[in-house]
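Work through the following exercises with the sequence and the model open. Each task is followed by a solution in steps.

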Amino acid sequence: MYSVFPLMFYLFYLVSQFEKSHVLSQQIRLEDIHQYDTSNVNDSVIRSVFAQNVEANETIGNPRCKSCHIREQQKRKRIESIKNKITHALKFDIHGLPNITDARIPRVPSYQRLLERYDLMNNANVQADSPYRSSLEDQMEEFGRTERTYMLGKSVPSWTNVEERDTVYFDTPQLVNEEIRRALLWIYVNPENQDFRVPNNVTEIYLYSLVPPGKNGRAPVRNYLMRRKRRPHQTVGWHHFDITWLVALWTRHPSRNLGLVVEAKDVNDYNMIVFPGATGDNFGLEPTLDMKTDIYLGTHRSKRSVNLRCNEEDQVESCCRYPLTVDFIEFGWDFVIAPIRYAAYYCAGECENEHMDENPHTRVLQEVDHSNTPRALPCCTPTRLSHLSMLYFDHQARIRMTLLPRMKVERCACQ
């Protein structure tokens with residue numbers, strides 16, 4: 001049994017001595033093999049040893065195969081890097097991935113239009129490249145920036161001591177270095193039956209905020225905000241109110257967020273508004289807050305970009321950008337709504353003198369005599385990246401549209 005191992009080592013040795021030859025079997029002296037006990041080794045084992053080494057040596061000797069191998073390594077590293085970057089940007093590395101078991105999808109028109117926009121992007125070659133915005137990239141180097149948040153209304157929490165009926169509450173997020181650009185409250189009016197009647201043949205939709213009563217410690221009271229009037233044939237369906245200033249107040253002072261009262265009553269004093277906890281056909285028609293946020297953008301001069309783009313079939317040795325599609329379904333991320341996949345791209349290739357970046361500093365470093373000092377060789381790396389807009393569920397089942405920085409490679413160069 002032990003005599004088999006010296007034989008195997010000897011076979012590997014013989015193969016390595018003739019790694020540049022394509023007729024290995026003719027070079028090996030069979031009489032050298034016969035000195036070993038080969039009773040436990042059949043021809044298939046020997047052929048297998050030869051085949052493995054020939055394949056490995058072809059990869060080493062063939063620069064094209066070598067570049068393919070390097071690109072595969074770069075792709076795996078890029079995918080793992082993207083996965084880690086998104087989980088960190090959305091702070092899922094701290095709180096874990098969201099559980100969307102009880103998540104609900106709103107049916108408000110603005111959300112449906114947003115999904116249609118993502119569908120168009122996905123049909124147009126995964127997701128279209130976004131324009132590069134250097135000022136935005138600088139401010140979002142580590143974490144993403146939430147552009148839009150959809151919140152389905154909840155029942156008013158008990159700590160508010162609210163005694164009003166027909167109320168709805170929104171768990172607004174805290175904002176850091178952001179401001180409310182717009183906040184729309186969407187409510188759905190759905191009468192008990194098609195033959196409903198309203199006072200004076202006009203549907204009146206009232207909106208109130210709940211405010212503290214003062215120093216007497218009683219329950220919060222309603223404060224009139226606005227009213228909408230609609231004819232009966234315009235009653236059923238979605239209606240929206242602009243409450244930007246109120247939501248901005250809530251984000252700055254969360255304790256003042258005590259909820260809202262919404263009323264649209266018929267002649268029988270029945271409130272036709274769909275409220276949280278709706279089931280059946282009304283599921284997803286609950287009051288929804290559509291909130292857009294933004295940050296202040298500075299003025300920066302955009303950078304010039306020259307890009308060499310390649311396909312996987314191209315046998316290019318120089319630094320180049322290659323296609324790479326990231327699929328969130330393969331990650332097992334069911335909390336991602338859109339895009340399901342996107343074009344991330346990656347950089348790969350060698351950095352020879354003629355392929356150096358136009359950056360003067362990089363070129364000077366290359367041309368200086370490094371005979372007395374160790375030379376730092378340039379690497380093929382992304383020099384320009386653009387953002388990715390992602391729609392997903394957070395841990396509170398809110399739907400967020402967040403701008404993730406530096407997610408798509410736009411340009412590769414040697415640096």
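**Exercise 1. A strand pair and its hairpin**

How many bridges join strand β14 to β15?

Solution. The model is predicted, with local features requiring pLDDT of at least 70, side-chain atom pairs counting only at pLDDT 80 or more, and totals for chains, interfaces and linings using all residues. Residues are numbered from 1 along each chain as its sequence is written, and side-chain values use heavy atoms, leaving out hydrogens and water.

Step 1. Strands (E, at least two residues) and helices (H or I, at least four) are DSSP runs numbered from the N terminus. Two strands pair if DSSP finds at least two bridges between them.

Step 2. Strand β14 covers residues 380-393, and 12 bridges join it to β15 in an antiparallel arrangement. One bridge sets Leu391 against Met401 in β15.

Step 3. β14 and β15 form a hairpin with 5 residues between them. In the turn, Ala397 has a positive phi of about 65°.

**Exercise 2. The sheet around β15**

Place β15 in its sheet, and state which strands are the edges.

Solution. Step 1. The sheet is open and has 7 strands in the order β6-β3-β8-β1-β15-β14-β11, with antiparallel pairing.

Step 2. β6 (237-242) and β11 (336-338) each pair on one side only, which makes them the edge strands. From one strand to the next the twist averages 30°; axes here are lines fitted to C-alpha atoms, for helices over the stretch in contact, and angles run from 0 to 180 degrees between N-to-C directions.

Step 3. β15 also pairs with β1, antiparallel over 5 bridges. Arg145 has Leu403 in β15 as its bridge partner.

Step 4. Elsewhere in the sheet, β3 (residues 179-189) and β8 (residues 288-294) pair in the antiparallel sense over 7 bridges. Leu184 stands opposite Asp290 in β8.

**Exercise 3. A helix on the sheet**

Is helix α9 largely enclosed or left open by the rest of the structure?

Solution. Step 1. Helix α9 (residues 244-252) lies across β3, β6 and β8, and runs at about 115° to β3.

Step 2. Take buried as under 20% relative accessible area, exposed as over 50%, and partly exposed as in between (1.4 Å probe, protein chains only). By this test 7 of the 9 residues of α9 are buried, so the helix is largely enclosed.

Step 3. The buried residues include Leu246, Leu249 and Trp250. Their cover includes β3, β4 (203-211), β5 (221-230), β6, β7 (260-263) and β8, with contact meaning heavy atoms within 4.5 Å.

**Exercise 4. Backbone exceptions**

Locate a cis peptide bond and non-glycine residues with a positive phi.

Solution. Step 1. Start from the general rule: most residues other than glycine have a negative phi, and most peptide bonds are trans.

Step 2. The bond joining Ala338 and Pro339 is cis, with omega about -5°. Pro339 sits in the loop between β11 and β12 (341-343).

Step 3. Asn161 has a positive phi of about 60° and is in the loop between β1 (145-152) and β2 (167-168).

Step 4. Arg406 has a positive phi of about 55°, and its place is within strand β15 (residues 399-414). Of the 16 residues of β15, 15 are buried, whereas Arg406 is partly exposed at 26% relative accessible area.

**Exercise 5. Cysteines**

Which disulfides involve β15, and what is the state of Cys379?

Solution. Step 1. A disulfide is a pair of cysteine sulfur atoms within 2.5 Å, and the structure holds 4 of them.

Step 2. Cys347 and Cys412 are bonded, with sulfur atoms 1.9 Å apart. Cys347 is in strand β13 (residues 346-348) and Cys412 in β15, so the pair ties together parts 65 residues apart in sequence.

Step 3. Cys351 and Cys414 are bonded at 2.1 Å, S to S. Cys351 is in the loop between β13 and α11 (360-367) and Cys414 in β15, 63 residues apart. The torsion about their S-S bond is about -90°, so this disulfide is left-handed.

Step 4. In sequence order the bonded cysteines pair as 1-3, 2-6, 4-7, 5-8. Cys379 is in no disulfide, the nearest cysteine sulfur being that of Cys351 at 6.5 Å. Cys379 counts as partly exposed, at 48% relative accessibility.
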